[in-house]
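Colleague: Could you take me through the aromatic contacts and the strand pairing here, one step at a time?

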Amino acid sequence: MNFQNLEYFLAVARENNITKAAEQLGITQQALSNQISRMEDELGCRLFNRKHGFQLTAAGKEMLKSSKRILDIFDQTQLVMNDISDNKRGELRIGITHTRGQYILPVLLPDFARMYPNVSLSLTEGSTRLLEESLDRGDIDLLIGFKPFMSADAVITDLMKENLFIAAPKELLIERFGDDYSSILAEYKKKPDLSLFKDMPFVLLLNNDCIRTAVEYEFKRAEIEPYVRLETQNVQTAFVLAAEGLGLTVIPGPYLKSKYLICGDDYAALRDKVEILPFTAPPNIIAVGYNPRKYLSRIAQDFIDLAVEKFSKIASETDKSRQN
């Protein structure tokens with residue numbers, strides 16, 4: 001038995017289907033079936049029940065646990081050897097939420113790719129909860145997301161603060177408050193009170209998003225039940241729909257400054273359709289974290305250092321612009 005056998009076994013166990021597993025591995029179904037049969041003969045027991053697809057037997061479930069541990073040890077050892085030999089090759093697996101990937105990754109990945117041109121990058125996007133589970137399992141090396149992480153033992157480094165803002169369509173504000181809307185908003189900016197918008201529609205992110213959690217908490221604190229006209233998992237979608245008058249939305253501050261996003265230009269046509277107002281929630285902390293039970297490669301540490309350097313510089317430049 002060798003590492004390739006274990007990879008083949010894991011592919012079939014993951015798919016519960018030998019045809020799909022063979023396609024994923026780029027080999028024929030017959031070749032994969034033969035490999036699995038040889039493993040079973042060598043071990044002296046059946047790993048799969050073939051009556052209804054390829055379902056793991058009791059022995060197969062134990063083999064699954066052992067295979068993952070063996071391959072994980074091999075991967076960790078390979079990282080150590082790469083660092084010892086100063087071999088700047090390998091793979092860095094990054095997990096990041098949909099919301100933040102659009103404005104964080106363009107700042108980091110091009111420079112990192114220039115530092116490590118022979119390192120392949122693997123990106124996993126999803127909800128914070130699913131990404132934290134991936135970090136615990138060792139499926140990703142680094143997680144960039146909303147602090148605190150639910151993974152209690154994750155080693156976390158702060159990167160930036162993320163304030164939230166309301167993007168409110170001017171047409172809805174005029175419809176709701178008439179000609180006095182400018183003076184009403186001026187008072188809101190001095191002392192934000194979400195009850196001002198209690199009868200207005202909102203376009204919000206889905207319930208599994210950290211921004212939505214913060215929004216729900218602030219609405220509850222203000223003792224109001226918002227009218228949610230639409231939910232989406234994409235901040236850009238929420239913003240453009242707000243700009244076109246579908247409802248108010250809550251958007252992270254970096255979206256309003258990032259040159260990579262359609263709402264990042266103060267003079268963009270869409271920005272002219274909305275009022276940007278403070279939201280009552282305290283700032284989120286965006287951080288990068290890793291699993292201390294897994295080996296942190298020099299490549300991963302250099303990525304963390306680059307991220308800290310980049311966002312420290314951005315924060316410093318932002319402070320200077322505010323002072324001026």
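**Aromatic pairs and a buried strand**

Colleague: How many aromatic pairs does the structure hold, and how far apart are the ring centres of Tyr 188 and Phe 197?

Modeller: This is a predicted model, and the structure holds 8 aromatic pairs. One of them joins Tyr 188 and Phe 197, whose planes stand at 65° to each other, so the pair counts as edge-to-face, the cut-off being over 60 degrees. From centre to centre, the distance between these two rings is 5.1 Å.

Colleague: Phe 219 and Phe 279 also form an aromatic pair; are Phe 219 and Phe 279 buried or exposed?

Modeller: This pair is edge-to-face, with 6.5 Å between centres and 80° between the planes, and it links distant parts of the chain, since Phe 219 belongs to helix 9 and Phe 279 to the loop between strand 11 and strand 12, 60 residues apart. Residues under 20% relative accessible area count as buried. Phe 219 has a relative accessible area of 1% and is therefore buried, and because Phe 279 has 7%, Phe 279 is likewise buried.

Colleague: Which strands pair with strand 12 in the antiparallel sense?

Modeller: Strand 12 is largely enclosed by the rest of the structure, because 6 of its 7 residues are buried. Over 5 bridges it pairs with residues 142–147, where Lys 147 has Ile 285 as its bridge partner, and over 7 bridges it pairs with residues 155–162, where Thr 157 stands opposite Val 288. The antiparallel partners are thus strand 5 and strand 6.

Note on methods:
Residues numbered from 1 in each chain as written. Predicted model: local features only at pLDDT ≥ 70, side-chain atom pairs only at ≥ 80, totals over all residues. Heavy atoms only, no water. Phe/Tyr/Trp six-rings, centres within 6.5 Å; stacked < 30°, edge-to-face > 60°. Helix = DSSP H or I, 4+ residues; strand = E, 2+ residues; numbered from the N terminus. Buried < 20%, exposed > 50% of the residue type's maximum accessible area, 1.4 Å probe, protein only. Pairing = 2+ DSSP bridges.
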